[in-house]
Amino acid sequence: MDFSLDFPVQCDYNNIITIENYSYRGRQMTGYAIFIFILILLYTFYMGVNDGSNAIATTVATRAVQPRTAIVIAALINFAIPVIIFVLDIVSVADNISAKLVYNQFFDGISDEKAFSFVVSGILGAIVWGGTTFALKIPNSTSHTVLGGIIGAGIAAFGFGAIQWKEFVLVKVVLMIVLAPVIGLLLGFFLMKLVRRIARRASRSISAVLTGLQRLNLMILAGAFSSNNAQKSIGMFFLVSAVGLTVYNEAHIPIWIVLSFAGALTLGLLLGGYRVINTVGRKIFKLQPVHSVIAQFTTSLVMITATSLGISLSTGQIMSSSIMGVGAAERANGVHWNMAIRIVVSWLLTLPCSAGMGALFYLLIGKAIFGV
């Protein structure tokens, strides 16, 4: 069998095709891209452990559904929804991660080593900060961890001016750190007051209705969680495409990649997260069924709205803040404010710390190892 390739015999150095270029164009993913893909799967697994558990925390805490049953239901939804939204081309969150954080013109003509150093540093920054907060048993904003890591690596790789501050970052990233939890808290507070007023004369049979609502909300919230978080993983892979480490572009990413992310998200939920369930479901406020319903509804509403607007948010961030609002409306001194303050401080530290780690990893990998 003849494996030879015919190349032009003219010595036109502007048009000649080298074996190296030919082989590169034939590769679907570089070795660098494969390594990053594995890291994305790892972080997606962590999101399943952390945010996936938030989606079922209040339902488990009020015993509306047994923990194992809740996890299985949420896991099935976590696997299905990412695939559905990808098929339906609902990827605005993913697009924003790849195109709205760093000006893509800075990727033109960069070497594979610099592209790899930039992307892998951003993801490693997210992984390290996420692992730190998980070890400290503090709910973490997975969204701002990812965004912070990429922003920090982008500053170290391309300079401060490479970040789309005015166009996107200041409003849809930095402002959301404060605004999203405030919205969750206030919405939870006022909805709790409203429901208490409406249900003042409700009979005891309403408990059965509340249990049913929690089960329904569990499925809606699991879908809201997976639709937003899966797009973060897809967005990170879009970024791999944007810097030129794979021939796949945003319009032609194969379905097996999305299935891999959905599987990692689901596996994270199935294998871990009980500590997060305990923190969110019991250590902020002692939840009753009505509190769970309001907190779930508030979180779902905020998450679905954010996803439709292309904003990356963490289910844990919104769930925790909505529980604070519900608790404050019911009995302010019943809220464990020490835990609440720890959670809020973690949110505020997430973006600068993950950005700092992303920048540090770029200095180690890009500058020290590759010299780019």
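Read along the sequence, the chain runs α-α-α-α-α-α-α-α-α-α-α-α-α. The secondary structure amounts to 13 helices and 0 strands. The model is predicted. The chain holds 372 residues, and 53% of them are buried. Its accessible surface is about 16,600 Å². Carbon and sulfur atoms account for 66% of that area. Among contacts in the chain with a separation of 6 or more, 88% join residues 24 or more positions apart.

Empty space was examined next. Rolling a probe the size of a water molecule over the atoms reveals where such space is left. The largest pocket contains about 250 Å³ of space. Its lining consists of 12 residues. Those nearest the centre of the pocket are R196, A199, I206, L210 and V290. Three helices each contribute at least two residues to this lining: α7 (165–198), α8 (206–242) and α11 (289–308). By class, 9 of the lining residues are nonpolar, 1 is polar and 2 are charged.

Two residues were then considered individually, one in α7 and one in α11. The α7 residue is V174. V174 has a relative accessibility of 32%. It counts as partly exposed because this value falls between the 20% limit for buried residues and the 50% limit for exposed ones. Leaving aside neighbours within four places in sequence, V174 is in contact with V169 and L351. A further pairing links V174 with a distant part of the sequence. L348 is 174 residues away from V174 along the chain, yet the C-alpha atoms of these two residues are separated by 9.6 Å.

T307 lies in helix α11, one of the helices that supply the lining of the largest pocket. The relative accessible area of T307 is 7%. T307 is therefore buried, as this value is under the 20% cut-off. Residues up to four places away in sequence are not counted among its contacts. With these set aside, T307 touches S92, V93, S227, N228 and Q231. Of these partners, S227, N228 and Q231 fall within the range of α8 (206–242).

In outline, the predicted model is built from 13 helices without strands. Helices α7, α8 and α11 each supply at least two residues of the lining of its largest pocket. V174 in α7 is partly exposed, whereas T307 in α11 is buried.

Notes. Residues numbered from 1 in each chain as written. Predicted model: local features only at pLDDT ≥ 70, side-chain atom pairs only at ≥ 80, totals over all residues. Heavy atoms only, no water. 1 Å grid on protein atoms, 1.4 Å probe; cavity = no way out; pocket = protein on both sides within 12 Å on 5 of 7 lines; lining within 4 Å. Points joined across faces, edges and corners; volume = space filled by probe spheres on them. Helix = DSSP H or I, 4+ residues; strand = E, 2+ residues; numbered from the N terminus. Nonpolar A, V, L, I, M, F, W, Y, C, P; charged D, E, K, R; others polar. Buried < 20%, exposed > 50% of the residue type's maximum accessible area, 1.4 Å probe, protein only. Contact = heavy atoms within 4.5 Å. Areas by Shrake-Rupley, 256 points an atom, 1.4 Å probe, with all protein chains shown as cover.
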